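Got a minute to go through some of the terms people use for a fold? Let's take them one at a time.

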Amino acid sequence: MQQQLIARLQQLKPIPVDDQELILKAFEPMKFKEGDTLLQLGHVARQLFFITNGILRIMARNEKENEVTYFFLKDNQFCTILYSFNNNLIADESIQAACDTELLVVSKSNLLALYEELPYLKGMIDQISQHTLMEKIKTRNTYLGYDSSERYRLFLERQPEVARRVSLTDIASYLGVTPQSLSRIRKNIR
């Protein structure tokens, strides 16, 4: 579980063994059940999550107070609400386990202490976070301009691991359709 974090970081550059031990001491393994909330809407993000197994969803409430899923994040990705985490501001989004999930979690204070000891680590995590943000935007933009049936087809094609592991209600929310509409779409695709 913890070696996944080191392996992900070392995709950018090798990390000395002593530094690996410091990093791993700062991150705490945690497990969450599907539906557990990791960050509530209206709170400040004070933790950075690294997903070792599972899927997290970032969601918000729309003008009708319905939950809307903005993004799914999966294995080997970092997750937090960046603007809240970086600036100590209240988050407009929440983070929830979309399925049973195993994470490595570091508090902001422990992460900042780790950056003091290993200054190069901040650049690495920032680079990974920026890459993840760009991927999220690119994936989300893929669905623009398509009708609901085509959005679902694209979702199955581009995010099959998410489609297999999360609820149809979450998928419907992500695609901007009702669960009933998604059920009809799925029936017509078969």
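Q: What makes β1-β8-β3-β6 an open sheet, and which strands stand at its edges?
A: In this predicted model, the four strands line up in the order β1-β8-β3-β6 with antiparallel pairing. β1 (28–32) and β6 (78–79) each have a single partner strand, so one side of each has no neighbour in the sheet. Strands here are DSSP runs of E, at least two residues, and helices are runs of H or I, at least four, numbered from the N terminus.

Q: How do you know that β1 and β8 pair?
A: Pairing takes at least two DSSP bridges between two strands. β1 and β8 (residues 101–107) have five bridges, in the antiparallel sense, so they count as paired. One of the bridge partners is Glu102 in β8, which faces Lys31.

Q: Why is α6 called oblique to α8?
A: Helix α6 (residues 148–158) packs against α8 (residues 168–175) at about 120°, with the axes 10 Å apart. Under 35 degrees is roughly parallel, over 145 roughly antiparallel, 65 to 115 roughly perpendicular, and the rest oblique. That makes α6 oblique to α8.

Q: What makes up the contact of α6 with α8?
A: Arg151, Tyr152 and Phe155 in α6 meet Ile171, Tyr174 and Leu175 in α8, where contact means heavy atoms within 4.5 Å. Those residues divide into five nonpolar, no polar and one charged. Tyr counts as nonpolar in this scheme, and Arg as charged.

A note on the numbers: local features need pLDDT of at least 70, and side-chain atom pairs 80 or more, while totals for chains, interfaces and linings use all residues. Residues are numbered from 1 along each chain, and side-chain values use heavy atoms, without hydrogens or water.

Terms used:
Axes are lines fitted to C-alpha atoms, for helices over the stretch in contact, and angles run from 0 to 180 degrees between N-to-C directions.
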